[in-house]
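Hi everyone, thanks for making time today. I'd like to walk you through a structure that may be new to most of you, so let's put it up on the screen.

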Amino acid sequence: MPELPEVETTRRGLARYVRKRRIAALAVYEPRLRWPVTHDLPKQVAGQRIVHLGRRAKYLLLGLESGTLLLHLGMSGNLRAVPADTPRLTHDHFDLVLDSGLALRFNDPRRFGSLLYTRGAPAEHPLLATLGPEPFATAFDADYLFRITRRRRVAIKQLLMNSRLVVGVGNIYASEALFRARIRPQRQARTLSRADTARLVRGVRAVLNQAIRAGGTTLRDYLGADGAPGYFRQRLYVYERRGKPCRRCGTPVRAMVQGQRSTYYCPSCQK
Ligand SMILES: [Zn+2]
């Protein structure tokens, strides 16, 4: 499933193809995505210049002259730049055709992705308005994490994965960040010290940065009709390593289920 690093990698990979380009056409082949693509959307966006390609949480934001397209990759989606006449494959659901002759082509076997348009400020869109800070924003710092963990009995891992408190920390990254911070995933959030929250902020940023950097090495995959998208490969410390020796101390990694998600940790390194 595309997580924040994959979405950010997609943004960086596509930025050079959309810069200063105009949308020649939006061709919708399958409007039944997570939310239907509205029938008048092609008319609304055709002819508009793309002024910005941004990201908020896992949404790509294509800033146009009169509004913003919000694109979500869903569970299985990817967006790549292809020559517009490239034959379509199964699960190619729309083409955002640019005046350069390239198209941004969206492929999504499970159709949980979405393409929405707003004329207002994207930050005020109902899907974005309730989101917590970005993990790299100055608003997400040790003081903030310390403040929001007070009096909360919820396990710290589940708090980290709550997008109303901080966005973009999926299951893999929560496990890996907690390992880096040497904090057990099942600890009650309120028991974290100020030093713990400082280490955890650093851990979250380190693991996301590592994934983004790893994805950046395969950016060329975003141009071309074939080949896997440039999803990252990274060296994981605990995730899906149940029973294997901890890379730091050699103790077998433990696994447990928290909120229906698998969690991995080292019982020696993490307290
Ligand atoms: Zn260990």
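Let me start with Glu3, which counts as buried, at 11% relative accessibility. Before going further, please keep in mind that what you see is a predicted model.

So, which residue does the side chain of Glu3 meet in a salt bridge? The partner is Lys58, and the N to O distance is 3.7 Å. Glu3 sits in the segment before α1 (4-18), while Lys58 is in the loop between β2 (50-56) and β3 (59-64), so this pair ties together parts that are 55 residues apart in sequence. Lys58 counts as buried too, at 18% relative accessibility. The cut-off for that word is under 20% relative accessible area.

While we are in that loop between β2 and β3, have a look at Ala57, which is also found there. Ala57 is not a glycine, and still its phi is positive, about 50°. With 7% relative accessibility, Ala57 counts as buried.

Now for more charged pairs. How many salt bridges does the count come to? The answer is 15 salt bridges. I'll show you a couple more of them.

One joins Arg105 and Asp95, with the closest N and O atoms 2.8 Å apart. Arg105 belongs to strand β7 and Asp95 to strand β6 (residues 92-98), so here the pair ties together parts that are 10 residues apart in sequence. Are these two buried or exposed? Both Arg105 and Asp95 are buried.

Another one joins Arg199 and Asp196, and again the closest N and O atoms are 2.8 Å apart. This pair stays inside one element: both residues lie in helix α7 (residues 194-216), 3 residues apart, which is about one turn of the helix. Arg199 counts as partly exposed at 28% relative accessibility, whereas Asp196 counts as buried at 10%. There is also a network, in which salt bridges that share partners join Glu8, Arg11, Arg12, Arg55, Arg56 and Glu134.

Let's move to some polar contacts. Please find Thr263, in strand β10 (residues 261-265). Thr263 is buried, with a relative accessible area of 0%. Which side chains does the side chain of Thr263 contact? One is that of Lys157, through a polar contact of 2.8 Å. Another is that of Gln258, also through a polar contact of 2.8 Å.

Glu176 is a nice one to look at next. You will find Glu176 in helix α6 (residues 171-181), and at 1% relative accessibility this residue counts as buried. Its side chain reaches a backbone atom: the nitrogen of Tyr237, at 2.7 Å.

Next, helix α4, which covers residues 142-149. Which residues of α4 are buried? They are Ala142, Tyr144, Leu145, Ile148 and Thr149. Why do these five end up on the same side of α4? Around the axis they cover an arc of only 165°, and that puts them on the same side of the helix. Just beyond, α4 is followed by Arg151, whose phi is positive, near 65°.

Let's turn to the surface. Met1, Met75 and Phe112 form a nonpolar patch there, and together they have about 280 Å² of accessible area. Phe112 is in the loop between β7 (102-107) and β8 (114-118). With a relative accessible area of 40%, Phe112 is partly exposed. That loop between β7 and β8 is also the place of Arg111. Arg111 has a positive phi of about 55°, although it is not a glycine. Its relative accessible area is 32%, which makes Arg111 partly exposed.

Last stop, the cysteines. A disulfide is a covalent bond between the sulfur atoms of two cysteines. How many disulfides does the structure hold? The number is 0. Two cysteines to look at are Cys249 and Cys269: Cys249 counts as partly exposed at 37% relative accessibility, while Cys269 is buried, with a relative accessible area of 9%.

If you take one picture home, I'd suggest the pair we began with: Lys58 and Glu3, meeting in a salt bridge. Thanks for listening, and I'm happy to go back to any of these places on the screen.

Conventions
Residues are numbered from 1 along each chain as its sequence is written. This is a predicted model: local features need pLDDT of at least 70, side-chain atom pairs count only at pLDDT 80 or more; totals for chains, interfaces and linings use all residues. Side-chain values use heavy atoms; hydrogens and water are left out. Buried means under 20% relative accessible area, exposed over 50%, partly exposed in between (1.4 Å probe, protein chains only). Helices (H or I, at least four residues) and strands (E, at least two) are DSSP runs, numbered from the N terminus. The arc is that of the directions from the helix axis to the C-beta atoms. A disulfide is a pair of cysteine sulfur atoms within 2.5 Å. Patches are made of residues with over 30% relative accessible area and no salt bridge: like charges are joined within 9 Å, nonpolar side chains (Val, Leu, Ile, Met, Phe, Trp, Tyr) within 5 Å. Accessible areas come from the Shrake-Rupley method with a 1.4 Å probe; for residues, only the protein chains shown count as cover. A salt bridge is a side-chain nitrogen of Lys or Arg within 4 Å of a carboxyl oxygen of Asp or Glu. A polar contact is a pair of N or O atoms within 3.5 Å; within protein, one must be able to donate a hydrogen and the other to accept it, and residues adjacent in sequence count only if both atoms are side-chain atoms.
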